Amino acid sequence: MKMQAQYMQNDPDYLSCKKKECKKSVNGKCSVTTCSGSIKFHVINIRTDIEFVFFSGGFSNPCILSRSTPLPFSNPNKPLYGHISSVDSSGTSMRLTWVSGDKQPQQVQYANGRTVTSQVTTFSQDDMCSPASPAKDFGWHDPGFIHSAVMTGLKPSSTFSYRYGSNAVGWSEQIKFSTPPAGGSDELKFIAYGDMGKTPLDASEEHYIQPGALSVIKAMANEVDSNNVNSVFHIGDISYATGFLVEWDFFLQLINPVASRVSYMTAIGNHERDYIDSGSLYITPDSGGECGVPYETYFPMPVTAKDKPWYSIEQASVHFTVISTEHDWSPNSEQYAWMKKDMASVNRQKTPWLIFMGHRPMYSSNNGLFSVDQNFVKAVEPLLLENKVDLVLFGHVHNYERTCAVYQNNCKAMPTKDANGVDTYDNKNYSAPVHAIIGMAGFSLDSFPNNVNDWSLIRISKFGYLRAHATRNELKLEFVNANTKQAEDSFRITK
């Protein structure tokens with residue numbers, strides 16, 4: 001079920017009764033008049049009929065005054081919301097995932113004449129967690145069918161085009177996309193952020209709105225249009241559907257201008273995975289009963305198995321280790337053993353930079369009950385130092401914050417200013433990782449306390465994203481304000 005609602009006060013003519021219409025006349029005089037008004041809704045193809053309901057009494061005590069007949073979409077089976085992701089570090093294969101109301105396999109036509117047929121999957125109400133969750137009850141909406149196909153035989157750092165669908169259900173438009181650079185090559189431009197969600201494209205009230213998502217996706221789309229991005233990393237709290245399943249469609253539609261054109265990689269967050277009695281590490285209702293199932297279906301990453309959403313990938317000079325903070329990371333866990341092995345195996349001649357990503361942070365000035373888990377820090381932080389991780393990126397806290405080279409709450413090294421006045425960390429003499437919180441991509445922003453620790457160098461509470469440019473000798477990073485498109489923090493890590 002999906003409910004969007006608007007107040008009729010959005011049309012001032014309705015409240016002032018400027019648009020009168022006579023409904024009944026007696027002896028030539030109007031005895032019954034009505035006042036009319038209009039509001040507009042942004043509607044996307046959700047494959048099922050939609051209905052418009054006029055009601056009074058507000059959300060707490062609704063009284064239905066009138067309702068429309070159910071309105072079908074002209075093509076509920078239409079292939080929609082395609083997005084691409086990397087399947088390995090070669091840059092020669094890309095996975096395309098899309099949604100359709102039709103369960104028959106469809107095709108991707110790409111690279112001037114190649115064709116590949118989709119694998120089709122879906123999930124049901126029975127796959128959702130707990131009888132009492134929104135996902136299993138009033139928030140459920142049939143997801144249709146999720147199609148996925150891998151385009152192979154591509155060249156890294158190259159541009160191709162594709163379309164997807166079939167003659168039976170129709171085709172998408174022709175879309176140009178770029179492959180990321182192969183692991184071991186020189187140069188990478190990527191964007192990273194967490195906690196995006198979606199912003200309504202109309203004046204609707206919804207159960208959960210992330211006000212900054214629209215400005216951030218527009219700013220990033222401009223970067224993609226300028227050929228300034230090889231890949232994107234969205235590290236947790238993806239759609240904030242939280243059990244209202246149709247909101248995944250709205251999110252996929254929102255990110256489409258970016259995710260259909262460059263590799264869109266993700267990490268799982270609390271709002272995708274956590275639920276009571278579901279096996280998640282944190283016993284909260286944050287996923288609304290989704291328990292990772294929609295997330296893993298819509299965003300198939302190069303993971304080893306279902307519900308083990310950790311992986312690594314190499315692009316150009318960077319090795320990315322992507323973990324789940326929502327699954328067991330304790331020293332005896334499977335994920336811990338994987339992290340240890342993955343980071344220890346990195347060939348720093350091939351990929352000089354090691355970037356570690358997950359959702360919940362190790363360092364944040366907003367250190368409330370749900371911000372930083374000291375058990376996580378105690379278990380995993382030594383691995384970062386041991387493997388000389390250069391940069392650590394987390395979300396979960398909804399702002400931007402950058403640290404010194406920090407370990408066990410102590411600054412092991414401070415950046416120095418280069419000739420342009422940019423903070424520069426010298427990792428020729430490695431001392432500790434630099435951490436950045438980048439959870440400012442949509443959710444309502446968190447402010448900072450008055451008193452902060454010495455390790456906190458830069459704090460910005462504005463919507464935006466992290467823009468990165470990696471060569472073999474330098475990692476240049478900028479916090480970009482989505483509204484002004486200006487870089488409000490810049491720093492470099494050098495080898």
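How do the residues of the lining of the largest cavity divide into nonpolar, polar and charged? The points below take up this matter together with the pockets, the domains and the salt bridges.

1. The structure is a predicted model, and every value in this note is computed from it. The search of the whole structure returns one cavity of 30 Å³ or more, and the volume of the largest cavity is about 80 Å³.

2. In answer to the opening question, the lining of the largest cavity comprises four nonpolar, four polar and two charged residues. Its members are Gln-4, His-42, Lys-198, Thr-199, Pro-200, Leu-201, Glu-206, Phe-250, Gln-253 and Leu-254. Two of these names recur below: Gln-4 in the description of the largest pocket, and His-42 in that of the domain interface.

3. The domain assignment of the protein chain provides domain 1, covering 8-67, and domain 2, covering 184-494. Their centres, taken over C-alpha atoms, are separated by 45 Å. Eight residues from domain 1 and nine residues from domain 2 take part in the contact.

4. The size of an interface is often expressed as the accessible area lost when the parts come together. Between domain 1 and domain 2 about 740 Å² is buried, with 61% of it on carbon and sulfur atoms. On the side of domain 1, His-42, Ile-44 and Ile-46 account for 61% of the area buried against domain 2, more than any other three residues.

5. One salt bridge is found across the interface of domain 1 and domain 2. Arg-47 is paired in a salt bridge with Asp-249, and the closest N and O atoms of this pair lie 2.9 Å apart.

6. The largest pocket has a volume of about 1,100 Å³. It is lined by 35 residues, of which Met-3, Gln-4, Glu-51, Phe-52 and Val-53 are the closest to its centre. Strands β3 (53-56) and β4 (63-67) are the elements that contribute two or more residues to this lining. By class, the lining of the largest pocket contains 20 nonpolar, 10 polar and five charged residues.

7. Glu-51, one of the residues closest to the centre of the largest pocket, also forms a salt bridge with Arg-67, where the closest N and O atoms are 2.6 Å apart. This pair connects distant parts of the chain: Glu-51 belongs to the loop between β2 (29-35) and β3, while Arg-67 belongs to strand β4, 16 residues apart. The count of salt bridges comes to 22.

8. The second largest pocket has a volume of about 480 Å³. Among its 26 lining residues, Glu-296, Thr-297, Phe-299, Pro-300 and Met-301 are the closest to the centre. At least two residues of the lining come from each of β5 (80-86), β9 (119-121), β10 (145-151) and α5 (293-298). Helix α5 gives the most, with four residues.

9. The lining of the second largest pocket divides into 14 nonpolar, eight polar and four charged residues. For reference, the corresponding division in the largest pocket is 20 nonpolar, 10 polar and five charged.

Technical notes: Residues are numbered from 1 along each chain as its sequence is written. This is a predicted model: local features need pLDDT of at least 70, side-chain atom pairs count only at pLDDT 80 or more; totals for chains, interfaces and linings use all residues. Side-chain values use heavy atoms; hydrogens and water are left out. On a 1 Å grid over the protein atoms alone, a cavity is a set of points where a 1.4 Å probe fits but cannot get out, and a pocket is an open set with protein on both sides within 12 Å along at least five of seven lines; lining residues have an atom within 4 Å of a point. Grid points are joined across faces, edges and corners, and a volume is the space filled by probe spheres set on the points. Ala, Val, Leu, Ile, Met, Phe, Trp, Tyr, Cys and Pro count as nonpolar, Asp, Glu, Lys and Arg as charged, and the others, Gly among them, as polar. Domain bounds come from an automatic or database domain assignment. Contact means heavy atoms within 4.5 Å. Buried area is the accessible area (1.4 Å probe) that two parts lose on being put together, summed over both. A salt bridge is a side-chain nitrogen of Lys or Arg within 4 Å of a carboxyl oxygen of Asp or Glu.
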